[in-house]
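Welcome, and take a moment to look around. Below is a friendly tour for anyone meeting this structure for the first time.

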Amino acid sequence: MRGNDKKKKTPSQEGVKPQKAQRAEAAPFQKGMEFELLIEGMGAEGQGIGKAEGIIFFVKDAVIGDRVCVKVMKMKKSYGYARLLEIIEASPYRRKPRCPYARQCGGCQLQALDYGQQLKYKEDKVRNNLRRIGGFSLEERIWDPAIGMDVPYFYRNKAQFPVGRDKDGRIAIGFYAARSHQIIPNRKCFLGMEMDVIEQILDNVASYMEENGVSPYDEATGKGLVRHLLVRYGRATGEVLACIVANGKRLPHEERLAERLQPIKGLAGIVLNVNEENTNVILGRESRRIWGKGHIMDVIGDVKYQISPLSFYQVNPVQTEKLYQKVLEYAELTGNETVWDLYCGIGTISLFLAQKARQVYGVEVVEPAIEDAKRNANLNGIGNVEFFVGKAEEVLPGFYEKGKGAGEMLHPDVIVVDPPRKGCDGKCLETIARMAPERVVYVSCDSATLARDLKYLCEEGYEIKRAQVLDMFCQTVHVESICLLHRKDS
Ligand code: SAH
């Protein structure tokens, strides 16, 4: 889909500048042509990038340093897409992917790239975006070295699998192939924890469906029942939650499903999530417990967390602990501070910080997540936090503009933000600037919106003091980073 989009501009890229002046008419390349190419950069979607006669080519599955033979698939005005035909000389950074489906599957994009280079790729991405979008030329000392994983596999505590049929009409549960909704019936994901347990759940759900004539959902017709299977795992507790996403409020013979799944190691609960919409969004709003508990527990640092199926929870618990430690370090708490934690999810960062702050206020738009957050505060006996449900861009101005709440609340020492990929809303940023905390800690999962938001905050009197990439999503192109801003006049 991405490659066919006519309105799309040049795919974003790392380390290679587009050649604006080049035109296809002048270029000696046409669809179907084969030629040799040196891969000199990596694009935003993990493709290799090489330049021939001034024209940039994007080559899926090629890695930086490869000398490859490619075939032109599509030409645009100043760039083209080519398919990898043969690796003539493998890059010193090329690695054999652990997963046999790495090339087909849409989940990982960087398995063939050396892990040290993956970290460099991610750091370059953040640096480039801060420079290009934010206009920052940061001094080298601002950067803390990227934090990777010792074993950058088997880290995910959540897996979600589409349910459909294979070409022989049998139930297929697996992964979507890259850029499509075709299901690859693979149950072993090398990014997931507890591969065996997950495989057992999938096998048992598939058998239950076959035996009881339960149909998978068909995206084309909107008919059929079971859409997705979601498995969540609490790394510290070993608890497993199986969540079946269905196009209906009930499953036939739910007790038979429960009987099949109960013996699986660690299974704490089975939940049915209802999603009757014609949508790409996996989860619906309503969940019902079929068996056991409706949530799992996990522990990060010294804090226990309850996690419901609808609440956001970081997918890499090993790195999450390092991230939260980093937030704590950047927040420079002494015990007297008032802190806002915006986009707080189930209150993870809020509770982590509350241990070292005077008072923490959390804001989150998803109501079940706030219910989890409040419960988590009680569960840990943490009394100096308060949570508000709503949009950060409404809750924060709601207090500030009306002068509602205690003075410290309106003039906090630290504000932490951890927004989704689209970054912070303008109104939220404006209110942060007006509240003028001494420090802002920005946790980001999209460095383009990070750069945009930091540009605004720096125009409003802040400066970037520290920045770091923390690899939450090893083997994929997704980048997590954290930045510390100080108010210049403080
Ligand atoms: N800090 C948390 C969650 C970060 S993910 C953690 O580390 O676990 C981002 C969170 O922002 C999600 O929980 C999402 O539901 C929430 N969110 C999205 N848009 C929001 C908005 N406009 N206002 C407040 N929260 C929002």
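A residue is called buried when its relative accessible area is under 20%, exposed when that area is over 50%, and partly exposed in between. By this cut-off Cys-458, with a relative accessible area of 16%, is buried. Please keep in mind that this is a predicted model.

**The chain as a whole**

With that word in hand, we can step back: of the 490 residues of the protein chain, 56% count as buried. Its secondary structure comes to 10 helices and 23 strands. The radius of gyration is 24 Å, close to the 23 Å given by the globule rule for 490 residues, so the protein chain is as compact as a globular protein of that length. Along the principal axes, the C-alpha atoms fill a box of roughly 70 × 65 × 40 Å. Among contacts with a separation of 6 or more, 65% join residues 24 or more positions apart.

**Surface and charge**

The protein chain exposes about 22,000 Å², and carbon and sulfur atoms supply 47% of that area. It carries 71 positive and 65 negative side chains, and the centres of these two sets lie 4 Å apart.

**Cysteines**

How many disulfides does a search of the whole structure find? The search finds zero. Two cysteines that are in no disulfide are set out here.

| Cysteine | Nearest cysteine sulfur | Distance |
|---|---|---|
| Cys-445 | Cys-424 | 11 Å |
| Cys-458 | Cys-483 | 9.0 Å |

Is Cys-445 buried or partly exposed? Cys-445 has a relative accessible area of 22%, so this residue is partly exposed, whereas Cys-458 is buried at 16%.

Definitions and conventions:
Residues numbered from 1 in each chain as written. Predicted model: local features only at pLDDT ≥ 70, side-chain atom pairs only at ≥ 80, totals over all residues. Heavy atoms only, no water. Helix = DSSP H or I, 4+ residues; strand = E, 2+ residues; numbered from the N terminus. Rg over C-alpha atoms; globule rule 2.2 N^0.38 Å. Buried < 20%, exposed > 50% of the residue type's maximum accessible area, 1.4 Å probe, protein only. Contact = heavy atoms within 4.5 Å. Areas by Shrake-Rupley, 256 points an atom, 1.4 Å probe, with all protein chains shown as cover. Lys, Arg positive; Asp, Glu negative; His and termini not counted. Charge placed at Lys NZ, Arg CZ, Asp CG, Glu CD. Disulfide = S-S within 2.5 Å.
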